[in-house]
Amino acid sequence: MYTLSPPNSRPLVLPCTHPTGALLYLSRRGSHGSRPIMRLFLYIKETYSTQLAFQFLSNIHGSRSGGDDYSEEPVEAHHVEEAFVDSLLSGAKSHPQDELLKLQKENLYKQEAEENSLFVHKLGLYKLQCCLLMNGLVHESNEDATMNAMNDELPRIQEQVYYGHIQSHTDVLEKFLSESSFKRYNPSITGKNTEKRFVSLFASYHQEDSVLHDINYLHSHGTTDDVKPVTHLFAVDLSSKTGTKLLHQAIRYLMDEPNRARVGLLLYARRDSVSTILLMKDIIDRTISSFSNTEKALNFLHGLCKFYEGQHMVVSSAVGDSISTIMDKVYSLAAETALPVDDYRAWLTSFSADTVLKGIDKLSDFLFGQLGLEFGSNAVITNGRIFVVGEGDSFLTDDLGLLESMEYELRTKYIHEIIEEVEWTGVDPDYLTSKFYSDITMLVSSSMSVHERPSERAHFEILNAEHSAIKLNIMNSSIHIDAVIDPLSPAGQKKSPLLRILWRRIRPSMRIVLNPISSLADLPLKNYYRFVLPSMDDFSSTDYSVHGPKAFFSNMPLSKTLTMNIDVPEPWLVEPVVAIHNLDNILLENLGDVRTLQAVFELEALLLTGHCMEKDREPPRGLQFILGTKQRPHLVDTLVMANLGYWQMKVSPGVWHLQFAPGRSADLYELPSKLVAIDSLRGKLIHIEVLKKKGKEHEDLLNAADDNHFQEKTDNKGWNTNLLKRASSFISGDASLKKKAEKNTALKDARQGETINIFSVASGHLYERFLKIMILSVLKNTQRPVKFWFIKNYLSPQFKDVIPHMAQEYGFEYELITYKWPTWLHKQKEKQRIIWAYKILFLDVIFPLSLRKVIFVDADQIVRTDMGELYDMDLKGCPLAYTPFCDNNKEMDGYRFWKQGFWKDHLRGGPYHISALYVVDLAKFRQTAAGDNLRVVYETLSKDPNSLSNLDQLCTAWQHGPLLPIHKGSKTSIAGSPELCST
């Protein structure tokens with residue numbers, strides 16, 4: 001027995017009279033040499049052995065190719081004769097030449113060879129030329145595919161044995177062959193990787209003048225009054241050869257008497273078609289509308305299609321002669337099939353091409369407007385699934401049977417069963433015909449297929465959860481939910497509130513199977529979680545106000561220090577806007593009589609993310625993009641990472657212009673200004689493919705000799721500065737604020753020289769107080785302008801309210817920056833480690849591209865000298881300059897872990913660096929792709945919790961290599977943590 005089915009589907013028994021190890025066939029476009037090979041193979045197999053028959057095939061290959069596996073020399077008759085003689089020479093019952101002459105003379109095995117060819121064509125395998133069938137699954141015919149197929153089959157057999165479905169007396173092959181599958185191989189219909197196109201017919205059907213109401217369906221003989229769960233609509237271009245063949249196959253399909261399907265013909269032609277084509281459409285439409293219930297109608301249409309297919313594309317000098325020929329054929333067929341000839345004479349006499357063309361116009365609006373087909377295409381629409389038959393492709397009756405079986409078994413069967421059980425109260429019984437039920441099944445199937453379910457499904461019915469399941473039964477519920485949850489896992493913590501919401505909103509029947517880990521060394525959950533979803537409770541019952549969704553935590557421990565964080569969709573940038581208390585260090589017992597802590601969070605911006613690729617090359621790392629409006633093209637900017645070509649920008653809803661930044665990116669690459677619409681709260685993910693300009697193909701984007709590849713205009717200071725300007729002008733009417741503004745300007749004017757850019761992070765009220773002290777210590781010891789950069793993600797609302805007033809009072813600039821942690825990068829779980837990572841991993845993308853250099857200073861440091869000296873320090877071509885740990889305080893020797901073990905050997909006498917203070921040459925950092933290198937190292941080490949006890953180790957570990965050279969600068973006068981030098 002032989003079966004077939006696409007990979008990962010189950011086979012169905014297909015009987016074959018020749019269960020040989022190989023199934024040879026004659027290709028329709030193959031040479032005549034194939035036939036004797038098939039006959040000789042069958043003769044050797046039947047007379048001698050299967051092994052010798054395969055040896056015969058191998059000898060043909062050796063004789064043809066001479067040992068060259070890739071030879072394309074065709075097989076000649078002498079190759080076959082030599083292989084036959086060589087195969088039988090040692091064990092032949094008579095001389096091989098005599099046996100060969102006998103076979104040729106008596107035509108032995110001719111019928112068997114033809115049956116093999118017909119069988120293979122019926123299965124649809126003829127297009128593959130050569131393939132492997134294993135338990136009904138189709139695979140490539142090579143050694144690797146064979147081994148992979150065996151490795152895939154063995155676990156399946158083991159699973160069946162485990163569950164007792166296969167026992168010692170079970171015929172394993174027969175069991176697999178008897179399971180659900182298809183009788184034909186056509187991956188364009190059944191393939192998992194095939195893109196399936198569906199369309200809903202519901203809206204079209206409910207239009208007042210719908211084409212679907214005008215269709216007269218064809219049925220197989222004797223089934224006209226039966227309900228048909230499957231409806232095939234054939235969109236056929238009668239002016240094309242492919243369409244004519246498809247029409248003929250549709251009629252032959254019905255003549256094979258399928259009992260689950262009906263056929264509707266949607267025939268059209270071009271407006272400039274000759275009259276013979278329009279006449280054919282008119283004859284077919286009239287025949288179906290008048291005689292579709294007649295037994296001989298299919299025979300008439302079959303004969304007409306056969307005649308028309310033979311006459312198609314034959315150009316006649318006189319159109320009248322062609323029409324006359326068609327009319328004679330119609331009269332003859334009508335007489336043969338006992339249809340009334342006089343009716344056809346009357347129709348042909350009253351034939352009007354203009355009337356036919358009006359009907360085609362209405363049909364074209366449905367096919368090409370509502371269904372979205374291309375004009376001139378031929379297609380089969382099966383319960384909403386559109387299958388387009390390409391020009392020159394063959395689509396046979398067996399393919400239609402396969403399409404019917406697949407759509408019925410996978411989609412329509414269950415819908416049909418439910419519709420049959422519906423009690424149509426209030427509907428006139430005269431309407432409840434077989435056509436009514438067939439139409440409803442077609443419409444519902446097409447509407448549901450637009451939202452097709454994935455094929456990967458779990459079978460929860462095998463779970464025995466008598467003592468570990470929570471069952472919530474709702475009578476007559478149309479939805480049932482099975483959930484398997486580990487209640488002490490982070491995933492289970494998030495899914496539980498979702499199930500609760502589903503239970504409250506749609507009232508499904510539900511079974512929750514608890515599946516905890518059998519043994520725990522520690523409690524896996526370290527947090528409390530609430531899921532927030534908008535509901536009707538958000539709207540006030542007394543006025544028009546909206547409270548907004550909220551999360552409420554009750555019965556919390558009073559003496560434990562807690563941290564409040566918010567888990568939001570990836571494209572959201574959310575920050576607290578109202579929080580009286582410190583959200584990083586919450587101790588409820590210190591709240592006093594209130595005993596309630598409140599915080600309000602706000603969606604500040606959305607993310608525009610993307611992946612940029614260069615055709616046939618690695619992602620163009622360092623490529624710079626800017627985003628803005630037509631009037632202000634540069635509002636935000638970013639660069640492309642080497643990691644997946646990833647980039648991101650902070651945006652608001654609206655339409656934005658995305659383009660290359662002026663400089664080297666715009667000089668080397670081509671990209672017209674791209675409009676990006678942010679029209680939903682899901683943000684936007686876009687893919688961009690760039691191409692280098694002609695003549696620039698071999699130039700490097702990260703050219704170290706070009707330090708001035710980008711320079712932002714001085715009037716573009718970023719969104720925060722612009723907002724401050726608007727805010728100051730908005731409140732400029734207040735006299736006291738005017739005085740403060742004048743004082744701020746005077747303080748700034750007193751500072752001369754290049755601006756010192758200082759970067760810091762802080763989280764929690766305590767470290768924000770330290771940060772203010774650090775700011776004042778920097779300002780006190782320098783006369784140069786200073787601009788501070790703060791990561792906005794973790795600043796409290798109080799600090800963000802105070803910092804503008806500090807900037808005015810003490811005469812400095814500041815900017816709040818942010819960057820969303822990429823989804824593909826392994827994320828830290830502890831908040832403090834996330835903050836540490838921000839000050840190292842995203843230095844190349846978190847700052848505007850115009851910023852050339854920045855100094856990082858920890859929030860808890862006090863600066864006692866002019867930071868301008870450090871800012872102006874020559875880094876000797878290195879992207880980073882770090883502060884080495886000092887070793888003059890002997891009392892701290894026991895804490896210096898780098899003096900022993902791995903770090904002692906790895907550093908080779910070099911210093912261990914601390915990230916409390918470092919200088920970054922951002923231009924060099926971007927040119928050398930140091931950020932990409934750091935992220936690669938981080939991704940490798942961070943998944944092992946023992947590899948990165950401190951993220952400072954990232955830079956220290958790579959200081960000796962070419963990827964991240966570190967300049968060892970002189971010690972700077974900083975006081976802070978006791979481990980640091982203080983001079």
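**Briefing: strands, cores and selected residues of a predicted chain**

Ile 626 stands opposite Gln 659 in strand β16. This pair belongs to a predicted model of a chain with 983 residues, 46% of which count as buried. The secondary structure of the chain comes to 30 helices and 28 strands. The points below treat the strands around Ile 626, an open sheet with its helices, the nonpolar cores, and three individual residues.

**Overall features**

- Of the contacts between residues at least 6 apart in sequence, 73% join residues at least 24 apart.
- The exposed area of the chain is about 53,000 Å², and carbon and sulfur atoms supply 52% of that area.

**Strands β13, β14, β16 and β18**

- Strand β13 (residues 624–628) runs antiparallel to strand β16 (residues 654–660), and four bridges join the two.
- Strand β13 is also joined to β14 by four bridges, again in the antiparallel sense.
- Ile 626 therefore has a partner in each of two strands: Gln 659 in β16 and Asp 637 in β14. Such pairing rests on a general principle, because strands of a sheet pair through backbone hydrogen bonds, either parallel or antiparallel.
- Strand β14 (residues 636–639) is covered on both faces. Val 636 and Thr 638 lie on one side, Asp 637 and Leu 639 lie on the other, and all four are buried.
- Strand β16 pairs in turn with strand β18 (residues 674–678), antiparallel and over five bridges. Within this pairing, Trp 656 has Val 676 of β18 as its bridge partner.

**The five-stranded open sheet and its helices**

- Five strands form an open sheet in the order β3-β7-β6-β4-β5, and their pairing is mixed.
- The edges of this sheet are β3 (197–198) and β5 (261–268), each of which pairs on one side only.
- Helix α10 (residues 241–255) packs on the sheet and touches β4 (230–237), β5, β6 (378–382) and β7. The direction of α10 makes about 150 degrees with that of β4.
- Helix α15 (residues 353–370) lies across β4 and β5 and runs at about 115 degrees to β5.
- At the β3 edge, the pairing with strand β7 (residues 385–389) is antiparallel and consists of two bridges. Phe 198 has Arg 385 of β7 as its bridge partner.

**Nonpolar cores**

- The largest nonpolar core holds 76 residues, among which Phe 300, Tyr 344 and Leu 367 touch the most other members.
- Beyond its neighbours within four places in sequence, Phe 300 is in contact with Ile 283, Thr 287, Val 330, Leu 333, Ala 334, Thr 337, Leu 339 and Tyr 344.
- A second, separate core comprises 36 residues, including Tyr 794, Leu 849, Leu 880 and Tyr 882.
- As a general tendency, nonpolar side chains in soluble globular proteins are buried together.

**Arg 935**

- Arg 935 is located in helix α29 (residues 930–942).
- Arg 935 is classed as buried because its relative accessible area is 0%, and the cut-off for burial is under 20%.
- The side chain of Arg 935 reaches the backbone oxygen of Leu 841 at 2.8 Å.
- Residues up to four places away in sequence aside, Arg 935 touches Met 641, Asn 643, Trp 824, Leu 825, Leu 841, Phe 842 and Asp 844.

**Glu 697**

- Glu 697 occupies the loop between β19 (684–692) and α20 (719–730).
- Glu 697 counts as partly exposed because its relative accessibility is 31%.
- The side chain of Glu 697 reaches the backbone nitrogen of Gly 695 at 3.0 Å.
- Not counting residues up to four places away in sequence, Glu 697 touches Arg 617 and Lys 692.
- Glu 697 and Leu 668 are 29 residues apart along the chain, and their C-alpha atoms are separated by 8.1 Å.

**Pro 557**

- Pro 557 is placed in the loop between β10 (509–514) and β11 (572–579).
- With a relative accessible area of 24%, Pro 557 is partly exposed.
- Pro 557 is in contact with Tyr 528 and Leu 588, leaving aside neighbours within four places in sequence.
- A separation of 8.8 Å lies between the C-alpha atoms of Pro 557 and Leu 587, which are 30 residues apart along the chain.

Key
Residues numbered from 1 in each chain as written. Predicted model: local features only at pLDDT ≥ 70, side-chain atom pairs only at ≥ 80, totals over all residues. Heavy atoms only, no water. Pairing = 2+ DSSP bridges. Contact = heavy atoms within 4.5 Å. Axes fitted to C-alpha atoms, helices over the stretch in contact; angles between N-to-C directions. Buried < 20%, exposed > 50% of the residue type's maximum accessible area, 1.4 Å probe, protein only. Polar contact = N/O pair within 3.5 Å; in protein donor to acceptor, adjacent residues only side chain to side chain. Areas by Shrake-Rupley, 256 points an atom, 1.4 Å probe, with all protein chains shown as cover. Core = buried A, V, L, I, M, F, W, Y, C linked by side-chain atoms within 4.5 Å.
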